[in-house]
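Open the model in your viewer and keep the sequence panel beside it. The stops below go from one residue outward to the whole chain.

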Amino acid sequence: MRIRHAFFVGLTAAALALLPATAFATEAPVEAPEKPKGTKFWVSPKSVEAGGTVTAQGRCVTPHGFSIIPPEGFKQVADKSAKRDGGTDVKVTYKVQPSVKPGDHLFVMLCDTREPSATVKVVPAAKKEPVKKEPTKQVSKVPAGAPQTGGGPVDEPSSAGWLIAGLAGAGVAGAGGAVLLRRRPASRS
């Protein structure tokens, strides 16, 4: 009975010692999020400069087609919409013409009886500062940073350290079990 007990204690200690190494060995699988159910509509990015692009996205749940009414000055450049599962995943890209004035502009998607809308904000183009020239350096090749001496176990931790620590713990637990077995009384009646 004591031998079983000592063996079980040693086995449990070894398992607990290896637990940190096995906990970080693999990552849990990431499940893909479910497709949205119902009609949804949005634009990204929420703000754009004149001359930039904006994408109208969403889902139109209807057996019929959809239509997007863009604001004036927005020209369609790509349509990557796809019909799936009783509806259409909407993805239409528009280019903002340079003549569009800054402010809020409304996109409307027509999907059966629903008409969801989304707003994009056109912001003034940022003024570009002239490029400053840096003075030339005296030396053609300037060293940067510390010398590259290579990595090592301190820089790149691996699971080997955890494995060694776990095996050492299992060895200590086994030695403790052996000591417990030798301490048992010599005679039994």
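**Starting at Asp 89**

Select Asp 89 first: its relative accessible area is 13%, so this residue counts as buried, the cut-off being under 20%. Keep in mind that this is a predicted model.

Now show Arg 84. Its side chain and that of Asp 89 form a salt bridge, with 2.8 Å from N to O. Is Arg 84 buried, exposed or partly exposed? Its relative accessibility is 41%, so Arg 84 is classed as partly exposed.

Add Arg 59 to the selection. Asp 89 makes a salt bridge with Arg 59 too, and the closest N and O atoms are 2.8 Å apart. This pair ties together distant parts of the chain: Asp 89 lies in strand E7 (residues 87-96) and Arg 59 in strand E3 (residues 53-60), 30 residues apart. Arg 59 is buried, as is Asp 89.

With Arg 59, Arg 84 and Asp 89 displayed together, you have one network, joined by salt bridges that share partners. The whole structure contains two salt bridges.

**Zooming out**

Switch to a cartoon of the protein chain. How many helices and strands does it have? There are two helices and nine strands. Traced from the N terminus, the order is α-β-β-β-β-β-β-β-β-β-α.

Next, turn on the contacts. Among those in the protein chain with a separation of 6 or more, 61% are between residues 24 or more positions apart.

Finish with the surface. The protein chain has about 15000 Å² of accessible surface, 59% of it from carbon and sulfur atoms. Of its 189 residues, 22% are buried.

Conventions: Residues numbered from 1 in each chain as written. Predicted model: local features only at pLDDT ≥ 70, side-chain atom pairs only at ≥ 80, totals over all residues. Heavy atoms only, no water. Helix = DSSP H or I, 4+ residues; strand = E, 2+ residues; numbered from the N terminus. Buried < 20%, exposed > 50% of the residue type's maximum accessible area, 1.4 Å probe, protein only. Contact = heavy atoms within 4.5 Å. Areas by Shrake-Rupley, 256 points an atom, 1.4 Å probe, with all protein chains shown as cover. Salt bridge = Lys/Arg side-chain N within 4 Å of Asp/Glu carboxyl O.
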